Amino acid sequence: MSTEAPTDDDAAVSQLNYGSKVLAVEPGGNEPIPAEARHGTPRGLFWTWTAPNLEFATIFVGVLSVGVFGLSFWQAVVAIVVGNGLAAAAHYLLSADGPLHGVPQMVLGRLAFGYRGNILPATFMAVMCGVGWFATNSASGAFALSTLFGFTPLVGLIIIVIVQTAFAFFGHNLVQRFERIAAPILAVIFLIAAVIIFSKSHLGAPPSSGGGFSMSGFWLTVGAAFGYTAGWTPYAADYTRYLPTTVSRVQTGVYASLGLFVSCTVLMFVGAASVTIGAASSDNPTAAFTANLPTLVADLTLLAIAVGAVAANAINVYSGAMAFVTMGFKLPMNTQRALVTVLFGVVGFLVAWWALADAAASYEAFLLLVAYWIGPWLGVVFADRLLRKEKPSLNLLYDTRYVNWGGFAAFVIALVGSVLLFCNQEKFVGYVVRLVPELGDIGAFVGFAIAFVGYVILARTSVEASQRSHR
């Protein structure tokens, strides 16, 4: 059994040769990044986390808040800020840890879950984020290309999947470079579209539900916004682990979280405002949104939606592959991440193809499903941070004998309990929500609280023992 961080000489040499090269396939998998191979500055993280959210999936959260959850625009604004603010705060803390350890986020998760126990959250991330988000964003990009060029959504889907999988196949440096180039361009196009949408909207219109304030709709919107934005948190350290250890932790966290919060919040506002203009003119979500824009701006926005989907999914499939590798599958060291990326591209395409038939309903349910596991996962991870007084040894992260079943138990108890009691889905409504429907869907937040408290109670001894044995 392994008890030390990977020290494969070939892998280390490959990382050093990779350095800051852009058009080169990133070698290896989830091993630590050597100090000599570190590069970059925290400032670039603002664009890294802005670009993937400048897409229609972000806008559609705002559309749901007014058009489906029954809030007025201003009620939706408050709910969106609450959900995104909580998610951005979590992203700040996790991003700041990347340069310190130089390993992916899911490898850091082994501290709280143990080597084997961490397979469960890594599986959730690989499937729901690497495949689920990949499929969701691919569908929105496919609809955009279909509306713009007149071919079927399936043709658009094929184009989107091939391009974004290619970016992720090359790896970290190309993904980062693409995000930084795409972000300013996408920002300008979406800003122009936003100005036009707001000029036509009726921000003071009453809630679409016909009543006053809907507590249920408010918490559904908070949960949806949190589910979308916090869906990036299990990726956080993946994009800061290449930074030198000497960079500021505060700047690293601020730039990453600010890019995430600003991009998500602004576009969700735009989506909410678009619903107040009038009834949708098409069953195609992207066509309905761009119908409110002049032809030239609409065409540019559709192209931006497609590029934004690629920007989002280059990150999704890259980090999903990282999570898959962290589960312990044995693949060739220098190509394992790249090979898994191709696999995820194929699986994500098949799921997106299936979801094209009813993308809107699939997306609404998926947003809340993501939040259900993210909440308990964050609760366990942050409780571990609270209990752990010393910087963990890298050897602990790769010690196959290291167990922390308290983290695993707290996660499972919180996940199952919060879903059974507070879930609010079309196919299943939690037992508490049946009695108090005004709660909307607070499953993610209840799951966080249960997991946090549960970990402090169940895992304190394991944390103390691991610190003593790996000093």
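**Notes on the predicted model: a valine, two helix pairs and the cores**

1. Let's start with valine 416, which is partly exposed, at a relative accessible area of 43%. The cut-offs explain the label: buried means under 20% and exposed means over 50%, so a value in between counts as partly exposed. Keep in mind as you read on that this is a predicted model.

2. Where does valine 416 sit? Its home is helix 18, which covers residues 405–422. Glycine 447 is 31 residues apart from valine 416 in sequence, yet C-alpha to C-alpha the two are 8.5 Å apart in space.

3. On to helix packing. As a reminder, a packed pair of helices is described by two things, the angle between the axes and the distance between them. Helix 4 (residues 73–96) packs against helix 12 at about 160°, and their axes are 8 Å apart. That makes helix 4 roughly antiparallel to helix 12, because angles over 145 degrees get that name. The crossing of this pair is right-handed. Sorted by class, the residues in the contact of helix 4 with helix 12 come out as 18 nonpolar, 8 polar and 1 charged.

4. Helix 12 (residues 249–275) also packs with helix 11 (residues 215–230), here at an angle of about 140° and with the axes 11 Å apart. Helix 11 is therefore oblique to helix 12, since the angle does not pass the 145 degree mark for roughly antiparallel. This crossing is right-handed too.

5. Which residues make the contact between helix 11 and helix 12? From helix 11 come Ala225, Tyr228 and Thr229, while helix 12 supplies Leu260, Cys264 and Met268. By class that gives 5 nonpolar residues, 1 polar and no charged.

6. Now the interior. The largest nonpolar core has 108 residues, and the members touching the most others are Trp373, Trp377 and Tyr455. Helix 14 (residues 295–326) gives this core its largest share, 15 residues. For background, nonpolar side chains tend to be buried together in soluble globular proteins.

7. Tryptophan 377 is worth pulling up in your viewer. What does tryptophan 377 touch, leaving out residues up to four places away in sequence? Its partners are Leu94, Gln105, Met106, Phe113, Pro121, Thr233, Pro234 and Phe411.

8. There is also a second core, separate from the largest one and made of 9 residues. Among them are Val107, Leu396, Leu397 and Tyr402.

Methods: Residues numbered from 1 in each chain as written. Predicted model: local features only at pLDDT ≥ 70, side-chain atom pairs only at ≥ 80, totals over all residues. Heavy atoms only, no water. Axes fitted to C-alpha atoms, helices over the stretch in contact; angles between N-to-C directions. Helix = DSSP H or I, 4+ residues; strand = E, 2+ residues; numbered from the N terminus. Parallel < 35°, antiparallel > 145°, perpendicular 65-115°, else oblique. Left-handed = near helix turned anticlockwise from the far one by under 90°. Contact = heavy atoms within 4.5 Å. Nonpolar A, V, L, I, M, F, W, Y, C, P; charged D, E, K, R; others polar. Core = buried A, V, L, I, M, F, W, Y, C linked by side-chain atoms within 4.5 Å. Buried < 20%, exposed > 50% of the residue type's maximum accessible area, 1.4 Å probe, protein only.
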